[in-house]
Structures are given as C-alpha cells and as structure tokens.
Amino acid sequence: MSASPQVTDATAFEDGSLGLQVVLFVVTGTLYGLYWLYKTAKQLDAGTDQNLTPILQSFLS
C-alpha cells in the first residue's frame with residue numbers, strides 16, 4: 001500500500017445515517033457490522049487508489 005491514499009472517484013462514497021447504522025448493528029446482532037465492513041471496503045476500493053480486497057479476504061476466510 002502506498003503511504004497516503006489518493007481519492008480517485010469521490011462519487012464512490014455514500015453518506016449514511018450513523019443512528020440507523022447503530023440501530024441495525026444492535027438489532028441484527030452485529031451481522032450488520034460485517035455487511036458494513038464489506039460495503040465500506042468496496043467503496044474505498046472504488047474511490048481510492050488502495051486495494052482492500054486482501055483485508056476483506058482475511059476477515060471472510
């Protein structure tokens with residue numbers, strides 16, 4: 001990984017409601033946390049010059 005990631009596509013990032021994310025995390029028994037991790041890593045892959053796929057694979061295997 002490079003020292004400082006550069007944003008290559010700012011439209012890849014979505015705004016989310018922190019309150020809704022906390023509620024979903026609690027209600028789903030932390031399953032939403034795994035989905036959030038996956039979704040956030042994919043957004044970072046799409047919007048920056050970083051590749052987080054190896055990080056995702058280590059969590060999912």
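**Figure 1. Asp 9 in the segment before H1.** In this predicted model, Asp 9 has a relative accessible area of 31% and counts as partly exposed. Asp 9 belongs to the segment that precedes H1. With residues up to four places away in sequence left out, Asp 9 touches Ala 46 and Gly 47. Asp 9 and Asp 49 are 40 residues apart along the chain, and their C-alpha atoms are separated by 9.2 Å.

**Figure 2. Gln 43 and its contacts with Ala 12, Phe 13 and Glu 14.** Gln 43 is a residue of helix H2. Its relative accessibility is 14%; because buried means under 20% relative accessible area, Gln 43 counts as buried. Apart from neighbours within four places in sequence, Gln 43 is in contact with Ala 12, Phe 13 and Glu 14. Ala 12 can also be viewed from Lys 42, the subject of the next panel.

**Figure 3. Lys 42 and Ala 12, 30 residues apart in sequence.** Lys 42 is placed in helix H2. It is partly exposed, with 37% relative accessible area. From C-alpha to C-alpha, Lys 42 and Ala 12 are 9.1 Å apart in space.

**Figure 4. Ala 41 in helix H2.** What is the relative accessibility of Ala 41? The value is 8%, so Ala 41 counts as buried. Ala 41 and Asn 51 are ten residues apart along the chain, with 8.5 Å between their C-alpha atoms.

**Figure 5. Packing of H1 on H2.** Helix H1 covers residues 18-27, and helix H2 covers residues 31-47. The two helices pack at an angle of about 130°, and their axes are 6 Å apart. H1 is therefore oblique to H2. Which residues meet where the helices pack? Gln 21, Leu 24 and Phe 25 are the residues on the H1 side. On the H2 side they meet Tyr 32, Gly 33 and Trp 36.

**Figure 6. Thr 30 in the loop between H1 and H2.** Thr 30 has a phi near 75°, which is positive although the residue is not glycine. Most residues other than glycine have a negative phi. Is Thr 30 buried, partly exposed or exposed? At 43% relative accessibility, Thr 30 counts as partly exposed. The loop that holds Thr 30 links H1 and H2.

**Figure 7. A nonpolar surface patch with Leu 18.** Leu 18, Val 22, Phe 25 and Val 26 make a nonpolar patch of about 400 Å² on the surface. Leu 18 lies in helix H1. With a relative accessible area of 62%, Leu 18 is exposed, because exposed means over 50%. Phe 25, another residue of the patch, is also among the H1 residues that meet H2.

**Figure 8. The whole protein, for orientation.** The protein contains three helices and zero strands, and its pattern along the sequence is α-α-α. Of its 61 residues, 20% are buried. The accessible surface comes to about 4600 Å². Carbon and sulfur atoms account for 65% of that surface. Among contacts with a separation of 6 or more, 61% are between residues 24 or more positions apart.

Methods. Residues numbered from 1 in each chain as written. Predicted model: local features only at pLDDT ≥ 70, side-chain atom pairs only at ≥ 80, totals over all residues. Heavy atoms only, no water. Helix = DSSP H or I, 4+ residues; strand = E, 2+ residues; numbered from the N terminus. Buried < 20%, exposed > 50% of the residue type's maximum accessible area, 1.4 Å probe, protein only. Contact = heavy atoms within 4.5 Å. Areas by Shrake-Rupley, 256 points an atom, 1.4 Å probe, with all protein chains shown as cover. Patch = residues over 30% accessible without salt bridge, like charges linked within 9 Å, V, L, I, M, F, W, Y side chains within 5 Å. Salt bridge = Lys/Arg side-chain N within 4 Å of Asp/Glu carboxyl O. Axes fitted to C-alpha atoms, helices over the stretch in contact; angles between N-to-C directions. Parallel < 35°, antiparallel > 145°, perpendicular 65-115°, else oblique.
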